[in-house]
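Visitor: I have a structure open and would like to learn how to read its features. Could you walk me through it?

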Amino acid sequence: MNKDIATVSKTLEIIKKYDFHIKKSLGQNFIVDTNILHKMIENAGITDETMVIEIGPGIGSLTEQLAKKAKKVIAYEIDQSLIPILQDTLKQYHNIKIIHEDILKVNVRKMIDEESHDCRDIVVCANLPYYITTPILMNLLEQKLPIERFCVMMQKEVARRLCGGPKTKEYNALTIAIQYYTVPKIVINVPHTVFIPKPNVSSAVLKLEVRKKPVVEVIDEKFFFKVVRGSFIQRRKTIYNNLKQSLSIEPNYLLKALEMVQINPSTRGEALTIEQFALLSDELLKYKK
Ligand code: SAM
């Protein structure tokens with residue numbers, strides 16, 4: 001039987017065979033622990049009817065394990081030099097499609113329309129390139145694609161931030177954006193010893209269950225996010241000062257809106273719940289120029 005790619009010996013063998021030079025600039029850290037991968041796949045709820053979208057297959061460590069469980073795997077890899085390697089390492093699996101594209105530029109909806117007709121659900125499962133974790137998540141979530149859940153590895157600090165609640169130091173505009181669309185939960189803490197090369201930061205696997213509809217209903221989604229971002233521009237400032245600056249609204253109107261939704265102007269953004277932000281943004285909309 002062939003050895004799994006996600007082992008130290010096989011990974012080193014592949015790197016040597018192809019004289020592959022690891023690119024730190026692309027966040028290349030390859031997993032060499034099948035246990036972690038199996039736990040990830042279990043948490044992702046993948047079945048033989050699932051279509052999995054993977055971002056950054058690398059040399060194919062996770063891709064291989066996904067292919068054994070899922071109906072099909074669509075994997076986007078930006079690094080051209082990994083494409084022939086993947087074609088070789090994964091040649092025995094016929095349910096994998098490797099696409100040489102930048103995940104931030106490719107049309108994922110079009111791919112889903114073309115590829116998912118014979119699948120029951122769509123799941124994103126990946127060991128993300130850490131330098132673009134949040135743009136990847138936000139870009140996929142904002143498109144409201146028919147994705148059931150994400151089960152993705154990232155820097156632990158970022159995973160904690162995405163799970164933060166009001167009045168914690170982790171809570172910010174990004175936390176709210178993620179929790180608007182999903183229910184996040186850290187499901188695995190990952191030691192840095194399971195990678196080649198070892199990253200300088202700790203990692204965690206975050207499961208994001210996509211909500212059927214956003215957690216709050218707002219009249220104008222774009223304006224809601226503008227209010228949320230504006231409330232955190234300077235963390236130590238009050239909501240009144242931050243919004244006065246970021247929304248360029250008449251101070252009197254701002255005070256009136258805050259009063260209408262019963263928010264003290266001297267509160268900080270980090271103290272407000274998503275529901276309070278929703279009420280406030282709907283109220284402020286009345287005064288929008
Ligand atoms: N899945 C492999 C594993 O777990 O061993 C590799 C994961 S490695 C952390 C991240 C991968 O993402 C690398 O293969 C890297 O080349 C790829 N990558 C980086 N930026 C990307 C982008 N914008 N679009 C697609 N893939 C990207």
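Guide: We will go from the ligand site to the aromatic pairs and then to the backbone. Please keep in mind that this is a predicted model.

Visitor: Let's begin with the ligand, then. Which residues come nearest to the ligand?

Guide: A good habit is to list the residues around a ligand and then pick out the closest. Here 24 residues surround the ligand, and those that come nearest are Ile31, Gly56, Glu77, Asp102 and Asn127. By character, the shell divides into twelve nonpolar, seven polar and five charged residues.

Visitor: What lies close to the nitrogen atoms of the ligand?

Guide: For polar contacts, we look for pairs of N or O atoms within 3.5 Å. A polar backbone atom of Gly56 is 2.8 Å from a nitrogen atom of the ligand. For Ile78, again a polar backbone atom, the distance to a ligand nitrogen is 3.4 Å. With Glu54 the side chain takes part: one of its N or O atoms is 3.3 Å from a nitrogen of the ligand.

Visitor: How much of the ligand's accessible area does the protein cover?

Guide: Here we compare the ligand on its own with the ligand in place. On its own it has 600 Å² of accessible area, and the protein covers 99% of that. The space that the ligand takes is also the largest cavity.

Visitor: Now the rings, please. How many aromatic pairs are there in the whole structure?

Guide: The search finds nine. To read a pair, take the distance between centres and the angle between planes. Tyr180 and Phe225 have centres 5.1 Å apart and planes at 80°, an edge-to-face pair.

Visitor: Why does this pair tie together parts that are 45 residues apart in sequence?

Guide: Because Tyr180 lies in helix α8 (residues 173-181), whereas Phe225 belongs to helix α9 (residues 221-231).

Visitor: And the backbone? Where is a cis peptide bond found?

Guide: Omega is the angle to check. It is about -15° at the bond joining Ile196 and Pro197, which is cis. Pro197 sits in the loop between β8 (195-196) and β9 (203-210).

Visitor: What is the phi of Asp19?

Guide: Its phi is near 50°, a positive value in a residue other than glycine. You will find Asp19 in the loop between α1 (8-17) and β1 (30-31).

Conventions. Residues numbered from 1 in each chain as written. Predicted model: local features only at pLDDT ≥ 70, side-chain atom pairs only at ≥ 80, totals over all residues. Heavy atoms only, no water. Near = heavy atom within 4 Å. Polar contact = N/O pair within 3.5 Å; in protein donor to acceptor, adjacent residues only side chain to side chain. Areas by Shrake-Rupley, 256 points an atom, 1.4 Å probe, with all protein chains shown as cover. 1 Å grid on protein atoms, 1.4 Å probe; cavity = no way out; pocket = protein on both sides within 12 Å on 5 of 7 lines; lining within 4 Å. Sits in = over half its atoms within 2 Å of the grid points. Nonpolar A, V, L, I, M, F, W, Y, C, P; charged D, E, K, R; others polar. Phe/Tyr/Trp six-rings, centres within 6.5 Å; stacked < 30°, edge-to-face > 60°. Helix = DSSP H or I, 4+ residues; strand = E, 2+ residues; numbered from the N terminus.
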